[in-house]
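Here is a short report on a protein model. Look over the sequence and the structure first, then read on.

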Amino acid sequence: MERDMRGRGNPWTPSGLIGQFSLSNNVSSPTLDKETEDAATDNDRSDSGEFVVTMLAKAKLEEQGIGVKGRSSPLLEVGTQETPAFISHRDEDVTAESWRQHRKHVFVLSEAGKPIYSRYGSEEALSSTMGVMMALVSFVQSGDNIIRSEHIVVFLQKGPLVLVCVSSSRQTEQQLRGELLYVYYQIISMLTQASISRIFEHKKNYDLRRLLAGSEKILDGLLNLLDSDPSFLLAAVHCLPLACSLRDSLSQILQKAITPNLVFSILIARNQLLTIVQEKTVIEDARLEPADVHLLLNLIGASSAFQAGEIWTPICLPLFNPDCYFYAYISYLDPPECTVCLLLLSTDKEAFYAVAECKRKIEEAMMAQNSLSLIAKVQSYSVSQVGVSDLRHFMYKPFDVTGCFITYSKMEAPYSSEEEKMRLLDLYRYMHNRIHSTSRPLKLIYHVAERETLLAWVTSKFELYTCFSPLVTKACAITAITKLLRWIKKEEDRMNSLKLVLFPYLS
Amino acid sequence: VLTAARMASGMQEKQYTPSLLNFFVYNPTFGQKEGEEEKKILFYHPSDVEKNEKIRNVGLCEAIVQFTRTFCPTKPAKSLHTQKNRQFFFEPEDNFWIVMVVRNPMIEKPNKDGKPPTVEYQEEEIIDTVYGAVVKQCYSMYKLFNGTFGRQMEAGGVELLIQKLEKFFYRYLQTLHLQSCDLLDVFGGISFFPLDKMTYLKIQSFVNRVEESLSLIKYTAFLYNDQLIWSGLEQDDMRILYKYLTTSLFPRHSEPELAGRDSPLRPEVAGNLLHYGRFLTGPTNLKDPEAKFRFPKIFVSTEDGYEELHLIVYKAMSAAACFMISASVELTRDFCEQLDGLVGPQLTLLASDICEQFTVNRRISGPEKEPQFKFIYFNHMNLAEKSTIHMRKTASVCLTSVHPDLMKILGDINCDFARVDEDEEIIVKAMTDYWVVGKKSDQRELYVILNQKNANLIEVNEEVKRLCATQFNNIFFLD
């Protein structure tokens, strides 16, 4: 089969990498480290998930010039492609006041106290702090614990991993625990839970950084998103507001481009969801959880590595199934701007060429319908469209049976700076926590503060967060909300038209 | 503590309220050498815990405090949340730490087939600010009767401190009723008795007269019906003394007073038909020359430290006067008789005057059978607190006329107010359709609970405005 050798589907270039490894299992290296050797031998005996782990491990050795030819998985390459402008937090001085002043620290370590990841500062420099953390965890034992001071320290243990967050952000322990869970799931998305369990069962003080080296950028990116993206707070996915007809046509295009073992087809534009199409008979009623979509969006957005042609890489969807890999075909449809991304997930690791063929069909159909320029014209909502003068910002999440999607307006003045955006989100976070309290939940919160007035409202049909200027009267606020809900109803077909489309299996 | 069992579809759920698990006082700078860790522990409850476990628990607290100092050296750990319990850390004096461990409330659900019941811990029920305030209050109360730890160390070293801690906390901890702690504990406020100007002046001149005649008296406080009218003490001292009087001393002595004139329970008026005054502290029977008596000693703050005083509490009907005299003076029987003779008649008269005024006022303003508004008010500047929700609040009883969940919502709003200095307003609608309105304005906080299920935000706002206009003279002006 002749393939275009210019970096598209070529098994000997980074983009075709996994294809290479899956074709030849006889890769061996005399200089394999004993540890990895052990892990490797163990894994060789088991199923494909571990096979990939082994390969990744070997790939790491390649980077160091030992053993097999070729380069490492593009998934893990993301960390190494750092632009000169990227300030590495890894080298921060952990004794400095500036280190202490970070809003939120996140640490990941193994049960044995071995450091795995630190958001600010290198793991080596923090090894004694991590040692103390480990001691605290084992001392206090049962379950997850938090320490409250000016900062709040949350400990979370998941299997052999311990995650710690030290935050002065005034978020609640539940919210921070949720964020640590996301970090855990992102690690799982790269390695699978089964592999991690097995590795640590076999060797309690294994250094997981060997398998995660290069992925710090992904975790950094996730933590930044958790701080700044409202969709995490509401556990829903943000979609671009497309007209029903456009979304339907895109879904149909995806629906028609299928191949055996293809289970999910996902179209993303500007880091927001356009549509998801799901194979019905294999997956049936199981759906992609918003968290899995968030993790995918982060993986793709966290690096520019995926902008080079086509990528074929193993990905685990932790909430869907934490123990196995899917194989993801990732390609941007509009180089060099790279705003529209196609993601095709298959259960068959050999299916690269077949899946690439699907992409070609999709590309053709979209070209015929001029989809790309239509997508480019779509704008995120702005509050001015609603036509209420006191309203500054809103977030709306309908309780829809078919999906968890959220709509929100752009953050505009006076929330233009990063700090102000964070501050507003913090306010929403605190309201979210109060409204969804497990012991004393609320229906409505109206909070008049110095710089803004906020209203949060939960009904059986939706959840709404709004922000007004501080001088708004209660009467005006009520009128504004009514107007907003009416406007939302009008826009409903754009917002709620994103329903998961299920396509039948065709042999 | 086990409270009423609930029947739920034939199976009984048991609700356990929060309870005290541990309470200890330690200083990490004592016993820093290996093998001497026990020296750090100055008080530990329950005392029958094995020595090593005590050391381990204290060690954990030290580790946590150290760890949090890594991130914020000046403000270390305040609490530790685990699934089963909550630990509170408080450093009242340099290197002296008080730690209280509270077991989270829980529900025990029975299982079928003889399986052990499942326990569900309700972590969210415990509000940190409430129990944090309780720990601080424990220290304040100790300090009122014993002075600071530092002072004890100076007076008699570690041994004396250990002794005093044991003596005080052994009894005091038994009076802690953690299941009834709420927002009022956060405030630690004082309920003031509303008086007209004339009566207030009468009381002031009474205090002046007594202080002039009995020059030994350094400070006076005047209360009526568990409410404060006048105090010559510093605010912080008065607030803890007030708590002691209203939750400990007065309740102990209230039973006999309520009994009828001819009841055998009535205390010996000792043949004194001139007045109804008697000592609540000190000599219970002046007529008996052999009876020994002593006054409790308290410590109050001065510009340059502390002074120790005798606490004389003298009561006539519903009026109580506290006289504080330097502890260096020996108070003789003669002095007590002198005080009794001087204060008794005047206080009795004053008490009936106040009672009369009070009745007159009530007739004018109309009887308050059920207060129209359920609210809690607190003024940070003068510590004045008022609650129409609490019907009786002593150390052991807290009767509130609203559901405990609503009280916790008030606690949450108070926490939210504490995050910023500016004036704010928070209105929430609970799942039960009750509305709760919180207003913070100028060092004052007001919480109102409205049972108006079908009201909307604007109507609720109007209701609260009405309350503010009548009761608070519009000090809470917003919107």
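In which helix do A:Lys421 and A:Glu418 both lie, and how many residues apart are they?

## Salt bridges in helix H17

Both residues lie in helix H17 of chain A, residues 418–435. They are three residues apart, about one turn of the helix. This is a predicted model. In it, A:Lys421 forms a salt bridge with A:Glu418, with the closest N and O atoms 3.9 Å apart. A:Lys421 counts as partly exposed because its relative accessibility is 27%. A:Glu418 reaches 58%, so it counts as exposed.

Helix H17 of chain A also holds A:Asp426 and A:Arg429, three residues apart. Their side chains meet in a salt bridge at 3.3 Å, N to O. Both A:Asp426 and A:Arg429 are buried. The two belong to a network of salt bridges that also links A:Arg103, A:Lys104, A:Arg119, A:Glu179 and A:Asp227. Over all chains, the structure holds 35 salt bridges.

## The interface

Chain A and chain B bury about 4,400 Å² between them. Carbon and sulfur atoms account for 61% of that area. Chain A puts 45 residues into the contact, and chain B puts in 47.

Five salt bridges are counted between the two chains. One pairs B:Asp433 with A:Lys443 at 2.7 Å, N to O. B:Lys408, in helix H8 of chain B (residues 404–418), also reaches across to chain A. Leaving aside neighbours within four places in sequence, B:Lys408 is in contact with A:Arg440, B:Glu125 and B:Ile127. B:Lys408 counts as buried because its relative accessibility is 19%, and the cut-off is under 20%.

## The eleven-strand sheet

One open sheet has eleven strands, with mixed pairing. The order is S6(A)-S13(A)-S12(A)-S16(A)-S15(A)-S14(A)-S20(B)-S21(B)-S22(B)-S16(B)-S17(B). S6 of chain A (237–238) and S17 of chain B (385–387) stand at the edges; each has a single partner strand, so one side of each is left without a neighbour in the sheet. S6(A) runs parallel to S13(A), residues 405–408, and two bridges join them. A:His238 has A:Ile406 as its bridge partner in S13(A).

Helix H9 of chain B (residues 457–471) packs on this sheet and touches strands of both chains, including S14 of chain A and S22 of chain B. The direction of H9 makes about 125° with that of S22(B). Helix H18 of chain A (residues 474–490) lies across several strands, among them S16 of chain A and S20 of chain B. H18 runs at about 130° to S16(A).

Within the sheet, B:Glu425 forms a salt bridge with B:Lys439, at 3.0 Å between the closest N and O atoms. B:Glu425 lies in S20 and B:Lys439 in S21, so the pair ties together parts that are 14 residues apart in sequence. Both B:Glu425 and B:Lys439 are buried.

## The ten-strand sheet

A second open sheet has ten strands, with antiparallel pairing. The order is S2(A)-S1(A)-S5(A)-S4(A)-S3(A)-S5(B)-S6(B)-S7(B)-S3(B)-S4(B). Its edges are S2 of chain A (115–118) and S4 of chain B (41–45). Neighbouring strands are turned by 15° against each other on average, direction ignored.

Seven bridges join S3 (residues 19–26) to S7 (residues 96–103), both of chain B. There, B:Phe24 is partnered with B:Val99.

## Cysteines

The disulfide count over all chains is zero. For A:Cys476, the closest cysteine sulfur is that of A:Cys467, 15 Å away and therefore too far for a bond. A:Cys476 is partly exposed, at 37% relative accessibility. A:Cys239 is buried, at 9%.

Definitions and conventions. Residues numbered from 1 in each chain as written. Chains lettered and ligands numbered in written order. Predicted model: local features only at pLDDT ≥ 70, side-chain atom pairs only at ≥ 80, totals over all residues. Heavy atoms only, no water. Helix = DSSP H or I, 4+ residues; strand = E, 2+ residues; numbered from the N terminus. Buried < 20%, exposed > 50% of the residue type's maximum accessible area, 1.4 Å probe, protein only. Contact = heavy atoms within 4.5 Å. Disulfide = S-S within 2.5 Å. Pairing = 2+ DSSP bridges. Axes fitted to C-alpha atoms, helices over the stretch in contact; angles between N-to-C directions. Buried area = accessible area lost by both parts, 1.4 Å probe. Salt bridge = Lys/Arg side-chain N within 4 Å of Asp/Glu carboxyl O.
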